[in-house]
Amino acid sequence: YEILQKKHFNPISIHSKLSQADRTVNYDLFKKGSHNLISATDVFGRGIDIKTVDHVINFDFPQRI
């Protein structure tokens, strides 16, 4: 999220450290199209269907290096 911000992508984020109210606000902003990039943990990815989303990139850090 922070790297995307520094590169001027105007992302929005959703993660477990946000309150449910803040997650809902961010979700609504993304769904309405005011942000075209979202950085989210798996807390967001279950059961979400937004018709305007064209691409999803799933990235997991390795457990061991």
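Let's start with charge: in this chain, the mean position of the 9 positive charges and that of the 7 negative charges are 3 Å apart. The model you are looking at is a predicted one.

**The chain as a whole**

Two helices and two strands make up the regular elements of the chain. If you follow the sequence from its start, they come in the pattern α-β-α-β. The C-alpha trace spans about 40 × 25 × 25 Å along its principal axes. Of the 65 residues in the chain, 17% are buried. The accessible surface comes to about 6000 Å², and carbon and sulfur atoms account for 53% of that area. What about contacts across the sequence? Among the contacts with a separation of 6 or more, 45% join residues that are 24 or more positions apart.

**Helix α2**

A good place to look next is helix α2, which runs over residues 20-32. How far apart should the ends of this helix be? With 13 residues at 1.5 Å a residue, the expected span is 18 Å, and the end C-alpha atoms are indeed 18 Å apart, so the two values agree.

Which residues of α2 are buried? They are R23, N26 and F30. These residues cover an arc of only 70 degrees around the axis, and therefore they sit on the same side of α2. Turn to the other side of the helix and you will find A21 and K32, which are exposed. The cover over the buried residues of α2 includes the two strands, β1 (12-14) and β2 (38-40).

Just after α2 comes G33, which has a positive phi, near 95 degrees.

**A buried serine in β1**

Strand β1 holds S13. Is S13 buried or exposed? Its relative accessibility is 12%, so S13 counts as buried, the cut-off being under 20%. Leaving out residues up to four places away in sequence, S13 touches Y1, L18, N26 and S39. One of these partners, N26, is also among the buried residues of α2.

**Residues in the loops**

Now for the loops. The loop between α1 (2-6) and β1 contains H8, and N10 lies in the loop between α1 and β1 as well. Most residues other than glycine have a negative phi. H8 is not a glycine, yet its phi is positive, at about 65 degrees. N10 also has a positive phi without being a glycine, with a value near 55 degrees.

Further along, N36 is placed in the loop between α2 and β2. Setting aside neighbours within four places in sequence, N36 is in contact with F9 and F30. F30 is one of the buried residues of α2. Another of them is R23; N36 and R23 are 13 residues apart in sequence, and their C-alpha atoms are 16 Å apart in space.

Here is how accessible these loop residues are:

| Residue | Relative accessible area | State |
|---|---|---|
| H8 | 74% | exposed |
| N10 | 45% | partly exposed |
| N36 | 66% | exposed |

With these residues in view, you can go back to the structure and trace them yourself: S13 in strand β1, R23, N26 and F30 in α2, and N36 in the loop that leads from α2 to β2.

Notes
Residues are numbered from 1 along each chain as its sequence is written. This is a predicted model: local features need pLDDT of at least 70, side-chain atom pairs count only at pLDDT 80 or more; totals for chains, interfaces and linings use all residues. Side-chain values use heavy atoms; hydrogens and water are left out. Helices (H or I, at least four residues) and strands (E, at least two) are DSSP runs, numbered from the N terminus. Buried means under 20% relative accessible area, exposed over 50%, partly exposed in between (1.4 Å probe, protein chains only). Contact means heavy atoms within 4.5 Å. Accessible areas come from the Shrake-Rupley method with a 1.4 Å probe; for residues, only the protein chains shown count as cover. Lys and Arg count as positive and Asp and Glu as negative; His and the chain ends are not counted. The place of a charge is taken as NZ of Lys, CZ of Arg, CG of Asp or CD of Glu. The expected span of a helix is 1.5 Å times one less than its number of residues. The arc is that of the directions from the helix axis to the C-beta atoms.
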